[in-house]
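Colleague: Could you walk me through this model? I have some questions about its chains and its cysteines.

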Amino acid sequence: MKKIAVAVALAFAATGAMAQEKTIRITGFGAKSGVVRSFGINSEAAMLAAADVINKQGGVKLADGSKAKIVVDFLDDRCNAEEGISVLRRIYGTDAVVAVGPTCSNVAEPLFGILQKKVDDKGDSGLQMPVFTDVAIKVGLAKISEWAFRNVPNETTMYSSLFYWLKTKYPNAKTVFGGVEEDFAHSRASWYAVMKDRAEANGYQVLGNSKWLLNDTNFATQVREMKNANADIVAISAHPFTTCGVLKEMQRQGVKPKVLVGLTSSSSLETLQGCAKQAEGMIIPTSFAPITKEGKAAAETTAKFKGAADLHSMAAWENMFILKQVIESEKISGDKGQLQADRRKIRDGLAKLRETKGLMGVTKRTEDREADKPYLFVQASKGEWKVLHNPL
Amino acid sequence: MLDFLQAVSDGLLFGATYALIGIGFTLVFGVMHKLNLAYAAASIGAAYAGLLILQVAAGAPPWAVFLCAFLGGGVIGWLVYLTCFHFIPLSNPLAPLMSTVGMLLLIDEIIVHVTAGMPQNYPAMFDDVMLRVGEFTLRGDLLLVAGVSVVCMIALLALLYRTRLGLATRAVSQQPVAAQLCGIRVAQVNAMTFIVTGLLGGIAGALIGASVGALSPLLTTPLTVKGLIVTVIGGLGSIPGAIVAGLLVGAFENVFQQFRGVTERDLYVMLLLFAFLVFRPSGLFKP
């Protein structure tokens, strides 16, 4: 009888402890339906995996010295701007201290627009919610709001470095021809504002570009333009589905440039699953490859949560550890009554960061709340992305 | 000039994929006077179903995948009939239309959820065959699609005009009440129409997958739109019309793209549709 009483008392004590266990909610959001669903799945898996690692290590330390577990939610914005804005408003209404997302640049741009532009601007009724982006990569979006932060690679730096390296590696290559997925914000911006611009800055003559749409399946005309241009380098700024379509058509029409350059987002398994043979030799700059001990461990843990590790999902992983650091350094209370103050502290903490520890090394943070991440060049070779060159 | 001819021929051949989808749309409309907006999605769904055989028997030949898609198409066609037409009050024209829109979205989302939106490789046939005359080329796989479209048209016309099922189908199409009074089971004929168009859709989906080299949920909406345009331009209910219009739309699309660019291409295809609706509403071939 005495034993039962002790057991009951212990059970009650445990229940009490459970009830008192503090939590910090971090809500991810991104595309979990539609054709970019894999991005959302991978980001969610990476966030859950990172939270699991953090929680197993005891969680995050709060202002009062107690520990809190991280709780991760993930909402679907369908890669749709209206949906994204609605999701962020919903997150704002919860006890989430920070939002991580979105997947698509066409969501990020208007979504950052509903945030308060400048902190402490009493005349601006925009949302005061820190958003820490992991995937949406279109150049220069964080400057829209002081509540927006990004941990995405800087494509301008990466392609500048790539074209500079190509200049030394292939001195006979003088001309570039582009292929661009015209109706997708990231692909479009990456060609016109990044690849084309950086190629010209490195002394290449850009002969022109072909355009196609995200759901096109016939690329005969575009590849003929490419063939007629006969450029030394063909740079394709498109996502895996149309990249593969174009590469297959290039094979049919016998278009064989000296160098094939791809878009950062195409350095994924999807491209290799779709057209490994045709993509052979394609060079892409990326901010993640599982070459470090931490990178390999992150990829393995994310796989346990049914996600794939790539430059996008591993940014979500990094975000979780950066947020842990900020929560602890800024002394977040974790008290629901102090929610808005905690959000502000997280914003200020993120803004203060000058560098963060990433899976590939140290990431520098810029004044306009963007990241300058370490990167390397990978090349498609025998159905795998292999590290071709590490410029850093 | 060569570029223009090449654009026209590429478009004509690619238009064969539109023709295959158009045939399915037009057949259902011809029999039931209803639009099945889920047809293209069901066809792509059937093509995905074809890939299931690779889960059971890895390394199965392309013909086995195609056969599986063909049969899967029949099953999906029947399911579409049951869910979108059989239990829906057909007297309200909006009801089956909206139910097929729902089915389109449902099939799309099922594909997205099962595949995480990732394109799936599809076994190709004759993809390495290129007929060349100097600089002028014709894709072997698209020639196959065009050939299959013609064979499907002949087979369907034979089915409609040389078999008892075809006779019953035409009777239901023209006078459903009279057909019922003659002892024809209208529901059964309608179900058979969906199964036949589903089987055809399975072939269409598989051939489209083979010619693109991959399947993606991105294919369903454009094929639905193009299939409808082809059906209207060809003449609602006309099978030869669907084929001719499919090739025509493909060719126009490529020519518009050549001269006006990809961003204006679909604009001109839509203008072509409006021109037909205004000046020749019955389409190229009045059924």
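Colleague: What radius of gyration does chain B have, set against a compact globule of 287 residues?

Modeller: Happy to help; this is a predicted model, where local features need pLDDT of at least 70, side-chain atom pairs count only at pLDDT 80 or more, and totals for chains, interfaces and linings use all residues. Residues are numbered from 1 along each chain as written, chains are lettered from A and ligands numbered from 1 in written order, and side-chain values use heavy atoms, without hydrogens or water. The globule rule, over C-alpha atoms, is 2.2 Å times the number of residues to the power 0.38. For 287 residues that rule gives a value near 19 Å, and chain B agrees, with 19 Å.

Colleague: Which hand does the disulfide of Cys79(A) and Cys104(A) have?

Modeller: A disulfide here is a pair of cysteine sulfur atoms within 2.5 Å, and these two sulfurs are 2.0 Å apart. The torsion about the S-S bond of Cys79(A) and Cys104(A) is about -120°, so the disulfide is left-handed.

Colleague: And what is the S to S distance between Cys244(A) and Cys275(A)?

Modeller: Both Cys244(A) and Cys275(A) are buried (under 20% relative accessible area, with a 1.4 Å probe and protein chains only). A disulfide joins Cys244(A) to Cys275(A), with an S to S distance of 2.1 Å.

Colleague: How far is the sulfur of Cys68(B) from the closest cysteine sulfur?

Modeller: The closest cysteine sulfur belongs to Cys152(B), a buried residue with a relative accessible area of 8%. The separation is too far for a bond: 18 Å.

Note on methods
Buried < 20%, exposed > 50% of the residue type's maximum accessible area, 1.4 Å probe, protein only.
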